[in-house]
Amino acid sequence: MKPLAGIRIADFTVHNAGPFCTHLLSQLGAEVIKIESAMRLDAFRKPHPVYGRMGPATFDQVASTKLSVRINLKKPEGIALAKRIVAVSDIAAESFRPGVMGRLGLGYQDLTAVKNDIVVLSVSSSGQSGPDSHFAGYAPLFGAWGGLGELTGYEDGPPVEIRHVMDHTVGMNAATAVMAALHRRRATGRGSHVDVAAREVAASLVGDMLLLAAAGGTPGRIGNAHPRMAPHGVYPAMGDDRWLALEIGSDAQWTALAELMGKPDLARDCRFATADARRTNSAALDAVLSAWTATQEANTAAEHLQQAGIGAHASWTTPEIANDAHLQQRGAIVDVTEPDGTHRAAVGVPIRLSKGADIGVDRGTPKLGEHEDFVYGELLGMSQAERRRLEEAEVIF
């Protein structure tokens with residue numbers, strides 16, 4: 001039995017941040033009913049040019065294990081039908097711009113009138129209140145607003161705005177907040193409105209830099225460098241676009257690296273003998289190290305470095321990750337069955353529980369409206385005649 005078995009979510013979320021939250025909860029056992037429509041497909045269900053590709057593959061990673069029903073929320077009967085699903089749910093999740101759900105008649109007060117202890121999750125760019133609450137946004141803007149972009153990149157280059165990882169980080173924060181709201185409801189019997197602002201999630205990740213700025217410091221971009229350790233970065237390896245991540249945290253590790261490079265005299269070189277000296281002469285140090293790493297096969301070099309007590313690993317490509325035996329054995333990469341019977345690899349939930357709680361992806365991405373027999377028939381008790389009427393009226397559409 002999964003830990004969230006018995007929890008049902010009416011999922012109005014779209015795109016990535018909100019859907020990733022409900023995706024995590026579905027893998028923990030929640031029954032997630034994705035409410036969508038052919039009138040306006042989710043951006044991730046159709047081909048789109050986001051993140052450098054023209055295809056809907058990303059949708060698999062935010063919709064697996066969910067149920068899908070069609071509801072046209074532009075129709076009053078569609079709103080009434082959505083409320084019937086909310087009435088038998090524990091959570092209603094949405095990720096529209098603030099005010100959209102209210103104008104549809106599905107705002108927090110509307111939903112509490114349907115179910116007084118409902119937990120409503122709202123994921124948005126800047127939150128449900130405040131002078132910037134009307135702003136729309138997506139992942140690069142979240143990083144820019146929250147300061148992550150300004151702190152990411154090389155000192156002599158532009159900011160590097162955080163992209164895909166920002167949506168996922170927002171989704172993980174939202175999942176945590178929803179779990180807290182459910183715990184509170186269990187203790188008090190009261191529901192709540194969970195307000196998650198993506199830009200605030202981004203800002204929460206740079207807390208140390210905010211403290212430095214408040215103290216009069218000047219945080220800035222430092223690329224792959226580190227304020228105390230050198231060498232510290234990503235260095236070229238043998239082959240086309242192959243790289244090795246490496247860090248030296250002590251003089252003993254530096255001595256071991258010099259030995260491994262076949263240049264033990266470097267450990268006594270006054271430019272590199274101490275941590276302060278290595279930081280001061282980091283450019284010269286990186287040139288020496290890069291000349292060696294460029295002759296090394298990345299995975300083999302990483303293994304030798306780790307055996308010498310040095311933190312290092314090849315910068316893996318996605319095919320290497322997908323084929324990693326360790327991740328497959330732990331269920332981080334899983335095989336799922338699609339509705340058409342085909343099999344594919346999927347990313348599993350990055351959590352492990354003790355035996356007896358089998359969490360993770362159970363099935364592939366649902367077809368649009370695939371689970372209407374269960375939701376409308378078994379769950380809501382709707383007759384075939386009523387379903388046909390709503391389909392003909394393009395309410396179920």
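Tutor: Before we start: two strands pair if DSSP finds at least two bridges between them. Helices (H or I, at least four residues) and strands (E, at least two) are DSSP runs, numbered from the N terminus. The model is predicted, so local features need pLDDT of at least 70 and side-chain atom pairs pLDDT 80 or more, while totals for chains, interfaces and linings use all residues. Residues are numbered from 1 along each chain as its sequence is written, and side-chain values use heavy atoms, leaving out hydrogens and water.

Student: Okay, in what sense do β4 and β5 pair?

Tutor: Take β4, which covers residues 91-94, and set it beside β5. E94 stands opposite S122 of β5. There are 4 bridges between the two strands, and the sense is parallel.

Student: Which strands stand at the edges of the open sheet?

Tutor: The open sheet has 6 strands with parallel pairing, in the order β3-β2-β1-β4-β5-β6. An edge strand here has a single partner, so one side of it is left without a neighbour in the sheet. Those edge strands are β3 and β6.

Student: What about β10 and β11: over how many bridges do they pair?

Tutor: Strand β10 is residues 333-337, and β11 is its antiparallel partner. One match to look for is I333, whose bridge partner in β11 is V347. The count of bridges between β10 and β11 is 5.

Student: Which side chains of β11 are buried?

Tutor: Buried means under 20% relative accessible area, exposed over 50%, and partly exposed in between (1.4 Å probe, protein chains only). Along β11 (residues 343-347) the side chains alternate between two faces. H343, A345 and V347 point to one face and are not buried. On the other face sit the buried ones, R344 and A346.

Student: Within what arc do the buried residues of α6 fall?

Tutor: Helix α6 runs over residues 139-146, and its buried residues are A139, P140, F142, G143 and G146. Look down the axis, taking the directions from the axis to the C-beta atoms. The buried residues line one face of the helix, because their arc is 160°.

Student: What phi does G147 take, just after α6?

Tutor: Step off the end of α6 and G147 is there, with a phi that is positive. The value is about 95°.

Student: T65 also has a positive phi although it is not a glycine; is T65 buried or exposed?

Tutor: T65 has a phi of about 80°. You'll find T65 in the loop between α2 (60-63) and β3 (67-70). Its relative accessibility is 6%, so T65 counts as buried.

Student: And what is the relative accessibility of E394?

Tutor: E394 lies in the segment after α18 (384-392). Its phi is near 60°, again a positive value in a residue other than glycine. E394 counts as partly exposed because its relative accessibility is 36%.

Student: Which residue does a cis peptide bond join to A230?

Tutor: The bond has an omega of about 0°. The partner is found in the loop between α10 (207-214) and β7 (232-236). Its name is P231.

Student: Let's do charges: how many salt bridges does the structure hold?

Tutor: A salt bridge is a side-chain nitrogen of Lys or Arg within 4 Å of a carboxyl oxygen of Asp or Glu. D90, K115, D117 and R185 are linked in a network of them. For the structure, the number is 19.

Student: How many residues apart are E391 and R70?

Tutor: Their side chains meet in a salt bridge, at 3.7 Å from N to O. E391 belongs to helix α18 and R70 to strand β3, so called distant parts of the chain. Their separation along the chain is 321 residues.

Student: Is R242 buried or exposed?

Tutor: R242 forms a salt bridge with E320, the closest N and O atoms being 3.0 Å apart. E320 is in helix α15 (residues 318-322), while R242 is in the loop between β7 and β8 (243-247). E320 counts as partly exposed because its relative accessibility is 21%. R242 has 16%, so R242 counts as buried.

Student: Last one: how far apart are the closest N and O atoms of D265 and R268?

Tutor: Both D265 and R268 are exposed. They form a salt bridge, and the distance between those atoms is 2.4 Å.
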